[in-house]
Amino acid sequence: MATGKVARRTAVSDVAALLDSSEIAALIAELDALRWTGRKGLGTRALVGACLVKALFALPTWTWVAALIAEHPGLQDALGGTPSVWAMYRFARKLRENRPALEACLDACAESLRTQYPDFGRDVAIDASDLPAYANGQRYVSKNGPERERFSDPEASWGHRSAVSTRKGGGYYGYKIHAAVCTATGLPLAWRIETARRQESNFAAPLLDALHARGFRPDTVAMDKGYDNNRVYSECEERSCEPIIPLRGVRGKQVALPLALGGRLFPRIPRHSERFRTLYRGRAAVERAFGDLKHSYGLVPLRVRGLERVQLHADLTMLARLSLALIRARAVLLAAQLNRLVSGSE
């Protein structure tokens, strides 16, 4: 019981610290400037705080968020109000209509994290993960029944996912999140949502371009065998990034190939070298990041429909993840500075 109370107090203090951070405060100020004339509603700080609460408490719906805040005095004090579920829905629409403001906040968080971690974004890993839709994609209404005439989420599509733990692999209806993750910190750097049928390797170049737009110039990018094709290698080399990809169809250890100037068969970092193996082991960072986002930050289960709404849901989840990592890094730095001051005074 005591452990649960401490965890809840920590979560409340995290929400307050996030809202007071310069990056989130800038987002609140920019959204406040977009307020239209008319009857004054709930403050933007409370609504942005509700978005953070949704991710930090891994809550699937705005209804759950409104209920938690309504019965939690600590959260009400941190947010400065008690937003209703309808206010949250309206605010989500406002965020979709003003996406550049949210993107600027995410860019600011990434830039601030780069100042905290010297190797942030130097080596990255790229992969995709399934996001099952909040809809039924079956062709028929029932077994041997009529064909379905209307789908609740027509923007979702059928795709394939691999087996994980006790879950069998196979087809699913929904979306995919494609992400580039820093292998040193495990933090996401760039991401995008696509329908499930889109092939993963088509988005390696767009993710690298998104990294460049945020000021990151990775030296290497690790990907699994699904990205092993000539186009991906060319796209990486055009962006001055060394691909770390095992050959498809080769079992066991990668064969030792002669050194050359690049390309799929003769990469600049030889596959049989210890450096290649070390860099490829870093690819596990993207798998851990997906698991963390799904199970600890509420990325799944989806309770929204449509590509635009799923993208906003992913963006808000990433905002909570990055901003929380940022304030904790700043807290560690502050504690280290205080320790040095105390040691110097003694």
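**Figure 1. Close-up of S343 in helix α12 of the predicted model.** S343 counts as exposed, because its relative accessibility is 51% and the exposed class begins over 50%. The residue belongs to helix α12, which spans residues 307–345. W191 serves as a distant reference point in this view: 152 residues separate W191 from S343 along the chain, and their C-alpha atoms are 43 Å apart.

**Figure 2. Close-up of H313, another residue of helix α12.** Is H313 buried or exposed? With a relative accessibility of 12%, H313 counts as buried, since the buried class covers values under 20%. Leaving aside residues up to four places away in sequence, H313 is in contact with K54, G298, L299, L302 and V304. Of these neighbours, K54 is also among the residues through which helix α3 meets helix α4.

**Figure 3. The largest nonpolar core and the surroundings of L79.** This core contains 97 residues. Which of them touch the most other members? They are L79, M223 and L319. Helix α12 supplies the largest share of the core, with 12 residues. In soluble globular proteins, nonpolar side chains tend to be buried together. When residues up to four places away in sequence are not counted, L79 touches V15, L19, R45, A46, G49, A50, V53 and I69. Two of these contacts, A50 and V53, also take part in the meeting of α3 with α4, as does I69 from the α4 side.

**Figure 4. The crossing of helices α3 and α6.** Helix α3 comprises residues 44–56 and helix α6 residues 85–97. Their axes come within 10 Å and cross at roughly 90 degrees, which means that α3 is roughly perpendicular to α6. On the α3 side the contact is formed by T44, L47, V48, A50 and C51; on the α6 side it is formed by A87, M88, F91 and L95. By class, 8 of the contact residues are nonpolar and 1 is polar, with no charged residue present.

**Figure 5. The packing of helix α3 against helix α4.** Helix α4 covers residues 62–70. How are the two helices oriented? Their axes lie 10 Å apart at an angle of about 105 degrees, and α3 and α4 are therefore roughly perpendicular to each other. Helix α3 contributes A50, C51, V53 and K54, which meet W62, V65, L68 and I69 of α4. This contact consists of 7 nonpolar residues and 1 charged residue, with no polar ones. A50 and C51 also belong to the contact of α3 with α6.

**Figure 6. Strand β3 and its pairing partners.** Strand β3, residues 170–182, is mostly covered, as 12 of its 13 residues are buried. Strand β1 (residues 123–132) runs antiparallel to β3 and is joined to it by 9 bridges; within this pairing, D127 has A179 as its bridge partner. Strand β2 (residues 157–161) is also antiparallel to β3, with 5 bridges between them, and R161 stands opposite G170.

**Figure 7. The hairpin of strands β3 and β4.** Strand β4 (residues 188–195) runs antiparallel to β3, and 7 bridges join the two. A180 of β3 stands opposite A190 of β4. How many residues lie between the strands of this hairpin? The connection contains 5 residues, and G186 in the turn adopts a positive phi of about 75 degrees.

Definitions and conventions:
Residues numbered from 1 in each chain as written. Predicted model: local features only at pLDDT ≥ 70, side-chain atom pairs only at ≥ 80, totals over all residues. Heavy atoms only, no water. Core = buried A, V, L, I, M, F, W, Y, C linked by side-chain atoms within 4.5 Å. Buried < 20%, exposed > 50% of the residue type's maximum accessible area, 1.4 Å probe, protein only. Helix = DSSP H or I, 4+ residues; strand = E, 2+ residues; numbered from the N terminus. Contact = heavy atoms within 4.5 Å. Axes fitted to C-alpha atoms, helices over the stretch in contact; angles between N-to-C directions. Parallel < 35°, antiparallel > 145°, perpendicular 65-115°, else oblique. Nonpolar A, V, L, I, M, F, W, Y, C, P; charged D, E, K, R; others polar. Pairing = 2+ DSSP bridges.
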